[in-house]
Amino acid sequence: MAHKIMIVDDAAFMRMMIKDILTKNGYEVVAEAADGAQAVELYKEHQPDLVTMDITMPEMDGIAALKEIKQINGNAKVIMCSAMGQQAMVIDAIQAGAKDFIVKPFQADRVLEAIGKTLS
C-alpha cells in the first residue's frame with residue numbers, strides 16, 4: 001500500500017512540484033494545506049504517514065504547526081522545507097521534532113531520499 005503524504009506550503013506551485021515528484025514515485029498525496037492552521041486540521045482528518053511542511057507561511061508558520069501536530073501524534077513524521085539561509089529556523093524545526101529538512105528549490109532525488117529515510 002502506498003504511503004499517505006500531506007503537503008503543506010503556501011505556494012501552490014511548490015505543492016504541485018512536490019506532489020508531482022511523489023505521485024510519480026508511488027506515494028499517495030492525501031491532503032494539501034496552504035498554511036499551518038489548515039495543516040493541523042487536515043492532519044487530524046487524514047492521519048498521513050508523513051508531512052512535508054514549509055516553514056514560512058501566513059496564519060501559522062510551519063514550526064508552530066509542527067509542534068501542534070506532534071501534540072496530536074507524538075510519532076508524527078514531518079520533513080521541513082525551506083529556502084536557503086534559514087538555518088536558525090531549521091534548528092528550531094529539528095528541536096521541535098522534524099525528522100529531516102529539504103532546501104528549496106527542490107531536487108527530486110533529495111526529496112525522495114528524505115522521505116524514504118524517514119518512512120523506513
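Where is Pro105 found? I went to the loop between E5 and H5, and there Pro105 was. I looked it up for its peptide bond: the one from Lys104 to Pro105 is cis, with omega near -5 degrees. I note at the outset that I am reading a predicted model.

**Entry: the overall fold**

I then stepped back and listed the secondary structure, which comes to five helices and five strands. Reading from the N terminus, I wrote the order down as β-α-β-α-β-α-β-α-β-α. The radius of gyration is 13 Å against the 14 Å that the globule rule gives for 120 residues, so I put the protein down as being as compact as a globular protein of that length. Along the principal axes, the C-alpha atoms fill a box of roughly 30 × 30 × 25 Å.

Next I checked how the chain is connected in space. I took the contacts between residues at least 6 apart in sequence, and 61% of these join residues at least 24 apart. Buried residues make up 47% of the 120 residues. For the surface, I noted about 6000 Å² exposed, with carbon and sulfur atoms supplying 52% of that area.

**Entry: helix H1**

H1 got a page of its own. How far apart are its end C-alpha atoms? They are 18 Å apart, and this agrees with the 18 Å expected for the 13 residues of H1 (residues 12-24) at 1.5 Å a residue.

I listed the buried residues of H1 as Met14, Arg15, Ile18, Ile21 and Leu22. Seen down the helix axis, these buried residues fall within an arc of 130 degrees, so they line one face of H1. I was pleased to spot an arginine in that buried set, Arg15.

What do the buried residues of H1 pack against? I found four strands and a helix as partners: E1 (4-8), E2 (28-33), E3 (50-54), E5 (100-104) and H5 (108-119). On the face turned away from the buried side I found the exposed residues Phe13, Met16 and Lys24. Just after H1, Gly26 takes a positive phi of about 85 degrees.

**Entry: E3 and E4**

I followed E3 to its neighbour E4 and found the two running parallel, joined by four bridges. Which residue of E4 is the bridge partner of Asp54? I traced the bridge to Cys81.

Is E4 enclosed or open? Five of the six residues of E4 (residues 78-83) are buried, so I recorded the strand as largely enclosed by the rest of the structure.

**Entry: positive phi outside glycine**

I also looked at two loop residues that are not glycine. Gln47 has a positive phi of about 45 degrees, and I placed this residue in the loop between helix H2 (36-46) and E3. At 39% relative accessibility, Gln47 counts as partly exposed.

What is phi of Glu59 near? I read a positive value, near 65 degrees. Glu59 belongs to the loop between E3 and helix H3 (62-72). Is Glu59 buried or exposed? With a relative accessible area of 72%, I marked Glu59 as exposed.

Terms used
Residues are numbered from 1 along each chain as its sequence is written. This is a predicted model: local features need pLDDT of at least 70, side-chain atom pairs count only at pLDDT 80 or more; totals for chains, interfaces and linings use all residues. Side-chain values use heavy atoms; hydrogens and water are left out. The expected span of a helix is 1.5 Å times one less than its number of residues. Buried means under 20% relative accessible area, exposed over 50%, partly exposed in between (1.4 Å probe, protein chains only). The arc is that of the directions from the helix axis to the C-beta atoms. Contact means heavy atoms within 4.5 Å. The radius of gyration is taken over C-alpha atoms; the globule rule is 2.2 Å times the number of residues to the power 0.38. Accessible areas come from the Shrake-Rupley method with a 1.4 Å probe; for residues, only the protein chains shown count as cover. Two strands pair if DSSP finds at least two bridges between them.
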